[in-house]
Structures are given as C-alpha cells and as structure tokens.
Amino acid sequence: MRQSAGRHPRVAVVTDDAGENSLGAVLEAESDLVLTGEEQTSDHEAGVTAVRTGEASCVVCEGADAYAAVREADPDVPVVVVATDEATAERVVADEAAAFVHADGPVSTLVGERVRQVTGRGHDDVAWDVAALADQAVVQFDVETFEVLAANEAFSDSWDVDRTDATLSDLWVTDITHELRGQGRGAAGEDQLEWVTEGGPVETFVRNAQNGDFETREWHCEGPDGEYFKSEVRIVADPNAEVGYLVATVPDDGDGAGGGDASGALAGETDYDAASMLQSVMEHVPMSVYFEDRQGRHVLVSEDLVEPFIEATDGKIMHTPEDVHGQTYWDLYTPEMAVRATADNERIIETGEPLRGQEKHVQPPHGRDLWFSTNKAPWYDEEGRVQGVVGITVDITDQKHRERELDRQNERLEEFASIVSHDLRNPLNVAEGRLELYRQTGDESELDVVAEMHERISELIDEVLAFAREGSHVDDTEWIDGNPQAWEAWEAVDTGDATLVQQWDYCIEADASRLVRLFENLFRNAVEHAGADVTVEVGTLEAEAGFYVQDGGPGVPDAVRDDLFERGVSTAEEGTGFGLAIVAEIAEAHGWTVELAESDEGARFEFTGVPNG
C-alpha cells in the first residue's frame, strides 16, 4: 500500500557556507521544506546517505563543486542545485534527476517547487494524504486497463486483495445491484440489464462515470478474514484523465468508525432519515428541484424554484413552493414552453429514458434574458410504478454570457486586426507619399496633407480605444430613468440649435456612464446627418421593455441600412464609421438589442431586451 509521506518534503542541504545568510538558513526560515539533521552540511556524502536511508527525499546543494561531488557519490539521487554559472545550469538541465535554481532569484520559493518536481511529490501526494484520513476506501486505477494503481489504508484493512497485481474486477465477488430491481444473480438475461453495455459491468461502470453518470453499485466483497461484506461503490473519473478513483464504504468496526456497512444502511440500522434528507434538498440545494405527476401537476418543488418569484401566465405572482403546488406548465409558462415540456414528460414516462442537459432560453417581461439547463427522469414509487417525473433545473445564464463575451472578444480581435491593416494603413500610406513628394519638390502644401493624415490617424486611434472599452462586459448597473444621462450627453456634444425632447415612463437598468456615451454617439450622429436645427426625441417604448432615440432628419439611405452598425460605415464625408458601431457595442455589452426601426420621419433607433421597473 502506498504510504503518505507528509505535506512538507525533507531535504539534506550541502553547502560550504554556514553563516546566518547561508542557503540552509534561508530555506529553514522561509520555505516549507524540512531540513534533516543539522541545518546544513559541507559533507556531500552525508547528504547522499540521508536520501538513501530515507531521512531525506532530496539533496539541495550550492555551487558547481558541491553538485559535482554529489553526482560522483551517486549519479541517480534527486538533487536541486542553487548556482549562478551557465555551465552548471546546462549540466543540470541535462540531468533527469536534477533541477536548477538561479541563486539571484526567489530561492526559498523555487527550491521547494524544484524539490517536488524531482521527487515526484505534488498535488497527487497531498490528495493521498487526505485519502489516508478518509473513513471510506479509496482506490486509484488506470481507466483503460482498470489496473489498480494505489489505495489508502481503509481499503487494505477491509479487502482480501493484493493491490499490486489486481484490477477492479478482483475487488468484488458479486455485483448485487440488480437485486434491487427484482432480479437474481445468474438469472436469464442478466447480461442485458439496462446498465450493462458492451465490455462488461466494470467497463460500463467506468465509462458511465466518465460521461457524468455517477451510479452507486452494490458489491459483495471478501475481507481478510474470509467473510463477505456488502459495500456501496462509486466511480469518480474525468473523461480526459488517465486515472480514475473508486470510493467504497467499508464494514463498520463496531464503534461507529469507518464508512458503515452498506447492508446496515439498507436495513435501517443508521439514524439517516430519508424524509429529512429530501427536505434538505428541497429547501437548501441551490437549484430548482421538482416532482410532477402524470398529469403534469407540480406536487413538490424546491425553494429555489420560486427564488425570487414566478409570474404566472395570468399575472399572479408566486413567492412560495405552496403557491406552485397543483400548477401545470400551462399555468406557469408560455404556450411554446408548455408544449415542449409536456411532450418531454410524456416521452420520459412512456420510455423511462431520462432527459439530459436540455438548454432553454427565456426572455422575462422584466429583466435580462436567462438560460437554464434541465435534467429529468422518471419518478417511481416503492413498487416500481411510474408516478410522474422528477426534474432538476440549473441557471446557466452566467455561463452563457461568458461564452457570448468570449465570442465577442474574438470578433473584436479580428476587427482590430482589420483596423491596423486597412483603416490606419490608408492615411499612413498617403502621408508617406506626400512627404516623399515634399522632399522631391519642396512644395509645402504637401505637408498640409501629411498633417491631415496624422489628424485622421489620431481620430481613428481614439475611436478604436473607445470601441474596445465600450465592448467589454457590463457589471456595474443601476436603476435610472435616463433623463440625466441624456442631458449630460446633450451638453457634451456640439448640438448647435438642435432641440432635445424626453418621454420617460419607467426606469431602466443600465451602466449610467456607458448610457451617456451611447447617447453622445447618437446625438452626434443626428446633428451630423440631420442638421444643426434637428429635434431629437428620447423615451421609453410602449409595446415592449426598452427605449428609443429618434431624430427629425431625412432618415437613413437604403444603401447603408443593412450595414449601419458595422464598423467603417458612414454617410458623412469626414466620418470614421465608429459612432454607431460603438452604440451597438454598448448595447451588446448590456445584453440589449438595437435596431434601426421603421419611421415616417428621421432615423429611429430602438433598444429592446432592457430590464425595466
């Protein structure tokens, strides 16, 4: 059995310096290493002997001479070398059992890391230190061959198995899980049980765990005394890892220690109360858990389902689980959602096949859009009859927003590459050409064009920086009515004789400073395209949650309507084409949708999907 070696590696330090600032003194005071014997020694033989006898796991030496002496005494002992010269560093790098630390660096930190590197101690050892304290048996195995690689003491004390030459199949005498389903060992058709697939029960057990199906099996196992005991066994295996772990209960030793005999648990010999455990799940687990009968009525729901509340189709607000009892999908959600959920339930009840990871997108009438992941399975009574469906729904909105933010960041990277290669290169090429003409002709009018191009480049750089800043995710929002932000933006823009009219009927949730910049770009766009005496109106939408900005100008030409929010699109001769692109970025960062709406006069921009209250 693999034994724990402790959290802090022991090392032998070999150095000629015995002063207060020596290598040994530094490691003793500032690292988590444990020094063997004296604080340090100049005798390299003593250091090597300490490793050979098990007093230390590694030699730490200072300088090229000490390293050469250690290697002369033992070519394979793990060693960490602290030095400054390149020749020693090159020699150490080529040594598979050695690691190099530069003496001018953070020695106390790096030496500890290098010691773990050359001795093989790290997170795996710490994990086994923890496993040694566990009441249950923990077995590490190869996920391809199922060969047992390591096990804790609880396993060795309870199983009559030599783990050095065993696979998972050697750990059990009989798998009796199917007895709970009314089957008998050796019964006809046993190899066709629903949980067994091609490859046999052990491979099925492991592969299901790698796919996220953490089933608990019931095994009869043989102990060192030749007696059999029952164990509840689970597999923990990552689909990308080379090893997995088997965790199993062990027989009770009589004083309450150990994992507890699984047969005792099934016979009701423990104090575990199934009703109280279910109550804890329904009240405290941070996810929506619910039971629906065969008619689709909610008969039991968790507290999280109504957190903070549910607004039914008739407008009724439901604050407690009791409010939802007896309600169907048709009472709680839109017809489209009700049709799909009802069909899912009917299929689950009819086939017995669970629903896994179904994602749903919801746009509440008030608030940002939401994403949920749902898992459902048949709900059986004690006789094995289907009573309905049990479901678990998890809010994955933040995950979806992070994915969307990553996609947007990648898109912006492509945008910036295009700006550098095209938008900035054009004026730069013009400036270079005119500067060359000036050198050839001495005509100073060419320098005026150079100055104009430099000014153009400066404007583009400012717009690119704004484009990058406004596209980042919005985290700091507040409830505002938009009026102060619109006036602040109006005063920041040269609006000439233009007029601002506001019609706010409710508050919206937004980042106030970014809303100001959104208005600035729209107001500047209105004045540039509709004239200095234009009337601009800002207000909330009536048909759905959101707001609009509309000017009384000539409207948007048909030629650019489809591409209006793309970077570089502008109908103004001197425009950079970033103004409305920045507006779209700010809206997207909030999770809003912006569209150029149809209007009898002027350009009308509508923002929807805006939380309101």
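**Two helices and a cavity**

Okay, let me start with a pair of helices: α3 passes α4 in a left-handed crossing. Before I go on, keep in mind that this is a predicted model.

So who actually touches whom here? On the α3 side, the contact is made by A64, Y67, A68 and R71, and α4 answers with T88, R91 and V92. If you sort the residues of that contact by character, you get 4 nonpolar, 1 polar and 2 charged.

Now the geometry. Helix α3 covers residues 64-73 and helix α4 covers residues 86-93. Their axes come within 10 Å, and they cross at roughly 30°. Angles under 35 degrees count as roughly parallel, and α3 and α4 are therefore roughly parallel to each other.

Right, on to the second topic, which is empty space. How many cavities of 30 Å³ or more does the structure hold? Just 1. The space in this largest cavity comes to about 50 Å³.

What lines the largest cavity? You'll find M337, R340, A341 and D344 there, along with L355, Q358, K360, T374 and K376. Three elements each supply at least two residues of that lining: α13, which is 335-351, then β16 at 355-362, and β17 at 370-380. And which of them gives the most? That's α13, with 4 residues.

One last thing on the character of that lining: its residues divide into 4 charged, 3 nonpolar and 2 polar. For the contact of α3 with α4, remember, the split was 4 nonpolar, 2 charged and 1 polar.

That's my tour, thanks for listening.

Technical notes
Residues are numbered from 1 along each chain as its sequence is written. This is a predicted model: local features need pLDDT of at least 70, side-chain atom pairs count only at pLDDT 80 or more; totals for chains, interfaces and linings use all residues. Side-chain values use heavy atoms; hydrogens and water are left out. Axes are lines fitted to C-alpha atoms, for helices over the stretch in contact, and angles run from 0 to 180 degrees between N-to-C directions. Angles under 35 degrees count as roughly parallel, over 145 as roughly antiparallel, 65 to 115 as roughly perpendicular and the rest as oblique. A crossing is left-handed if the near helix is turned anticlockwise from the far one by less than a right angle, and right-handed if clockwise. Contact means heavy atoms within 4.5 Å. Ala, Val, Leu, Ile, Met, Phe, Trp, Tyr, Cys and Pro count as nonpolar, Asp, Glu, Lys and Arg as charged, and the others, Gly among them, as polar. On a 1 Å grid over the protein atoms alone, a cavity is a set of points where a 1.4 Å probe fits but cannot get out, and a pocket is an open set with protein on both sides within 12 Å along at least five of seven lines; lining residues have an atom within 4 Å of a point. Grid points are joined across faces, edges and corners, and a volume is the space filled by probe spheres set on the points.
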